[in-house]
Amino acid sequence: MASSPARPSPAVRILDTANRLFYDEGFRVGIDRVISESKVAKASFYRAYPSKDDLIVAVLRRRHEEWTRWFVRRVDALTTERGRSLVRLADALGEWFARDDFRGSPFTNAMADASLPRTAVEVVHRHDEALRRALLAYLEHVGLEASDEVADQVSLIVEGAIVRAQRADRPDAAAAAARAAASLLARLDRPV
């Protein structure tokens with residue numbers, strides 16, 4: 001007789017539920033709703049996450065790990081399929097922007113919340129730095145003599161494209177980002 005897969009622990013169910021709700025609706029979602037939709041007891045919630053702030057930090061850490069892993073792997077796969085080019089960054093972003101569940105950057109969204117705990121702000125800052133480092137590594141990988149300054153500028157282009165795609169409901173923001181990056185690098189006399 002085949003056994004059914006093990007049910008995730010209460011902590012995992014809470015994190016999964018909060019991850020979905022916070023991304024879809026923001027951090028204003030109440031703990032009681034997270035508990036209800038997770039199908040856990042209130043005591044289980046507080047054992048896993050002593051406060052809502054702890055849950056917010058856990059959600060942002062998970063989002064950082066999952067999104068960064070997806071982005072780096074997707075850009076690498078697109079580079080393998082289509083060749084080395086800065087445009088691969090825009091290709092990956094464009095795929096993300098076109099998804100039905102795209103709600104923008106959870107990190108930008110988090111920073112818009114005036115009551116965001118300091119520990120969560122630190123997670124957002126670490127994410128931003130990790131993205132900048134990943135972009136620097138990719139610029140070097142595609143044969144560009146990348147500098148911190150260029151990585152910062154490309155990071156701003158990427159983040160701007162994410163905001164534009166969300167705010168204006170413009171999946172084509174990725175193409176605009178590719179054009180902006182090409183223009184930046186052309187001014188620096190570097191190939192795209």
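Here are a few notes on this predicted model, going from the whole chain down to one loop residue.

1. Start with the fold. The protein chain is built from nine helices, with zero strands. Walk along the sequence and the pattern reads α-α-α-α-α-α-α-α-α.

2. On overall dimensions, the C-alpha atoms of the protein chain fit a box of roughly 60 × 50 × 30 Å, with the box set along the principal axes.

3. How much of the chain is buried? Of the 192 residues in the protein chain, 43% count as buried. As for the outside, the accessible surface is about 10500 Å², and carbon and sulfur atoms contribute 51% of that.

4. Next, the contacts. Take those in the protein chain with a separation of 6 or more: 62% of them are between residues 24 or more positions apart.

5. Charges are worth a glance too. You'll find 30 positive and 28 negative side chains in the protein chain. What is the distance between the centres of the two sets? They lie 5 Å apart.

6. Now for a single residue, A146. Look for A146 in the loop that runs between α7 (118–141) and α8 (148–167). Setting aside neighbours within four places in sequence, A146 is in contact with L136, L139 and E140. By the residue range, those three partners fall within α7 (118–141).

7. One last pair to check on screen is A146 and A177. In sequence they are 31 residues apart, and in space their C-alpha atoms are 18 Å apart.

Conventions: Residues numbered from 1 in each chain as written. Predicted model: local features only at pLDDT ≥ 70, side-chain atom pairs only at ≥ 80, totals over all residues. Heavy atoms only, no water. Helix = DSSP H or I, 4+ residues; strand = E, 2+ residues; numbered from the N terminus. Buried < 20%, exposed > 50% of the residue type's maximum accessible area, 1.4 Å probe, protein only. Contact = heavy atoms within 4.5 Å. Areas by Shrake-Rupley, 256 points an atom, 1.4 Å probe, with all protein chains shown as cover. Lys, Arg positive; Asp, Glu negative; His and termini not counted. Charge placed at Lys NZ, Arg CZ, Asp CG, Glu CD.
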